[in-house]
Structures are given as structure tokens and as C-alpha cells.
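Student: I would like a close look at one part of this protein. Please pick a single strand, show me what surrounds it, and then work outwards.

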Amino acid sequence: MKNKILLFILLIAFNVNGQQKLYNIVFIKANDVQAYDSYIKETFSKIHTNRIKEGKLLQWDVWKVVDNPQEDFTHMVTYIFDMDKYPVESNTREYFDMTDKSWELMWSDINKIRERVAQVKWIDLGSARKKGVDYLPEIMVLNFMNANPKKWGTYEKTELSYTKTIPSNSLRVGWNFHRRIDDYGSDNYFSHVTIDWYDEYKDFLKTSLGPVSDVARNATDWSKLRDLKKRVVMSKFISKN
């Protein structure tokens, strides 16, 4: 049974315009990746470019899973909203000059080639970028974390304290930390995510080269604060803002 009580540690991140961002994340499993990619570029891109121009959406990104055919999703779609303007109603039909029948057939085809396997919402808790990195990098490494329900505050403070800056010689060019806000309970898969950003996939692979060592005796025992459920590497397919 889900715990209905959610104890938030109110750590709210704002962008430079004072907007509190809400991330609406949809995980997609495409059974015909090429066909779905075409719809993303030719149909969904048009819809969300118009929504951004109309001030209904801040940013829209699509990410594709890299080198992992066994993963339970193929794409991650990110809708970034101004929290104060959410939810936003939009008639996407008005962006296309086509008959009702053509519209119906298009969506019937889309529903056959892809499945929405999950949808979640999260907010910003913190971020860091290597000096000079003012762009959206090409590679996202998404880490699904399930925090100890009794130590959310300690976990969030510890996570933030470990990545205040990124060294100039690091292969990693950025980092983000998010808290899931749409649901809470013992049956949820994850409560937080961290994102490690890289310019190239090979840069991520290089981080695993070289010798490894045991955890130092005085190091933080992350296992008491959170469980890393899984890590998924994705490449940027399209981004509009």
C-alpha cells in the first residue's frame, strides 16, 4: 500500500528568469524506431515548436537509448514547462492542414508503432557545468535513484555537496539533480534522478577505464542513503526551445 504522506524538503530551483521548471517525462517503446523517428521530426517537432512560440512550453527534447536493445524503452521525451503556467491546454489539430480522417489515420498509425510505457514528473534540485558549457550536451547518462524514505533530506544535501563544480579536465561536462514529484510510495521504482552529461559517448565509456579501488573507510556510505536502480545512456535526437 502506498504511503499517502509525502514529506517534501523544500529545496526549489529557479532558472535565470525566476521560473520554476516542471519536467514532464514520457518514456516510449517504439517497435518501429525509424517510423517513430520520422513522426518526431515531421509531426511532433511542428507541434511543440508552435507551443514554444505561443509560450505554452519552455523546451521540448527527445532522447534515444544508446547501445542497449534490452532496455524497456527506446526514447525519452522531455517537456519542460513553467510551473506557474501548468497545465497548458493546446489544440494540436490546429497546427495541421489535413482532414479529420487523415488526422485520425495518422494517430492510429502512431499508436501502432509506439507505446507510452511510463510518465513521470520531476523538478530541479541542483546542477553544475564545466566552465564554458552553455549548451545542451549530446549524451545524457540518466541514473535512477531510490532514496531511503527516512533520509531524503540527508540524501539530497549529500548529493548536492558532492558536485558543486566540475573540474576543467573532467570528461563529464555537466550534472543535474532532480526529485520526482508526481507519486510517492514503497512500490515506486525511483524517487530521484541524477544526470551526467558528456559531449560524446566515448567520453562516458572512458570513465570506466583504468584501475578500480575499494571504497575508503571514511567515505560516504551511499547504500544507506539511496539505491542506484539502473543507469541508461541516451543521445540527443532533437531539441527545441
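Tutor: We take strand E6 and follow its partners outwards.

Keep in mind that this is a predicted model. First, some orientation. The chain holds four helices and eight strands. Read from the N terminus, the order is β-α-β-β-α-β-β-α-β-β-α-β. Of the 241 residues, 44% are buried. The radius of gyration is 19 Å, and a compact globule with 241 residues would have one near 18 Å, so the two agree. Along the principal axes, the C-alpha atoms fill a box of roughly 65 × 40 × 40 Å.

Now to E6 itself. Strand E6 covers residues 174-180, and seven of its seven residues are buried. Which residues point which way? Gly174, Asn176, His178 and Arg180 point one way from E6. Trp175, Phe177 and Arg179 point the other way. Both sets are buried. The general rule behind this pattern is that side chains in a regular strand alternate between the two faces of the sheet.

Next, the neighbours that pair with E6. One is strand E4, residues 114-129. E4 and E6 run antiparallel, with seven bridges between them. One place to look is Ser127, whose bridge partner in E6 is Asn176. Another neighbour is strand E7, residues 192-198. E6 and E7 are also paired in the antiparallel sense, here over six bridges. Find Trp175 in the model: its bridge partner in E7 is Asp196.

Asp196 leads us one strand further. Asp196 in E7 is also the bridge partner of Val141. Val141 takes us to strand E5. E5 and E7 are antiparallel and share seven bridges. E5 is mostly covered too, with eight of its nine residues buried. From E5 the path goes on to E8. Nine bridges join E5 and E8, again antiparallel. There, Met140 has Met234 of E8 as its bridge partner.

What sits against these strands? Look at helix H3, residues 152-162. Its buried residues are Trp152, Gly153, Tyr155, Glu156, Thr158 and Glu159. E6 is part of what covers them, and the cover also includes E4, E5, E7 and E8. The strands we have just walked along therefore meet again at this helix. Notice the spacing of the helix numbers. An α-helix has 3.6 residues a turn, so residues three or four places apart point the same way.

Go back to E6 and walk the other way, through E4. E4 also pairs with strand E1, running antiparallel over nine bridges. In that pairing, Ala30 stands opposite Arg114 of E4. E1 covers residues 21-30 and is mostly covered, with eight of its ten residues buried. On from E1 comes E3. E1 and E3 are antiparallel, with eight bridges. Asn24 marks one of the pairing points, with Tyr79 of E3 as its bridge partner.

Two details lie beyond E3. Pro87 is in the loop between E3 and helix H2. The peptide bond joining Tyr86 and Pro87 is cis, with omega about 0°. The other detail is Asp67, in the loop between E2 and E3. Its phi is near 50°, a positive value in a residue other than glycine. Is Asp67 buried or exposed? Asp67 counts as exposed because its relative accessibility is 63%, and the cut-off for exposed is over 50%.

Val65 makes a good contrast. Val65 belongs to strand E2, residues 59-65. Its relative accessibility is 19%, so Val65 counts as buried. The limit for buried is under 20%. Leaving out residues up to four places away in sequence, Val65 touches Glu71, Phe73, Thr74, Val232, Val233 and Met234. Met234 is a name you have met: it is the bridge partner of Met140. Val65 and His75 are ten residues apart along the chain, and their C-alpha atoms are separated by 6.1 Å.

Finally, step back to the whole chain. Take the contacts with a separation of 6 or more: residues 24 or more positions apart account for 80% of them. The chain exposes about 14,000 Å², and carbon and sulfur atoms supply 49% of that area. As for charge, there are 37 positive and 32 negative side chains. The centres of these two sets lie 4 Å apart.

How values were computed:
Residues are numbered from 1 along each chain as its sequence is written. This is a predicted model: local features need pLDDT of at least 70, side-chain atom pairs count only at pLDDT 80 or more; totals for chains, interfaces and linings use all residues. Side-chain values use heavy atoms; hydrogens and water are left out. The radius of gyration is taken over C-alpha atoms; the globule rule is 2.2 Å times the number of residues to the power 0.38. Buried means under 20% relative accessible area, exposed over 50%, partly exposed in between (1.4 Å probe, protein chains only). Contact means heavy atoms within 4.5 Å. Accessible areas come from the Shrake-Rupley method with a 1.4 Å probe; for residues, only the protein chains shown count as cover. Lys and Arg count as positive and Asp and Glu as negative; His and the chain ends are not counted. The place of a charge is taken as NZ of Lys, CZ of Arg, CG of Asp or CD of Glu. Two strands pair if DSSP finds at least two bridges between them.
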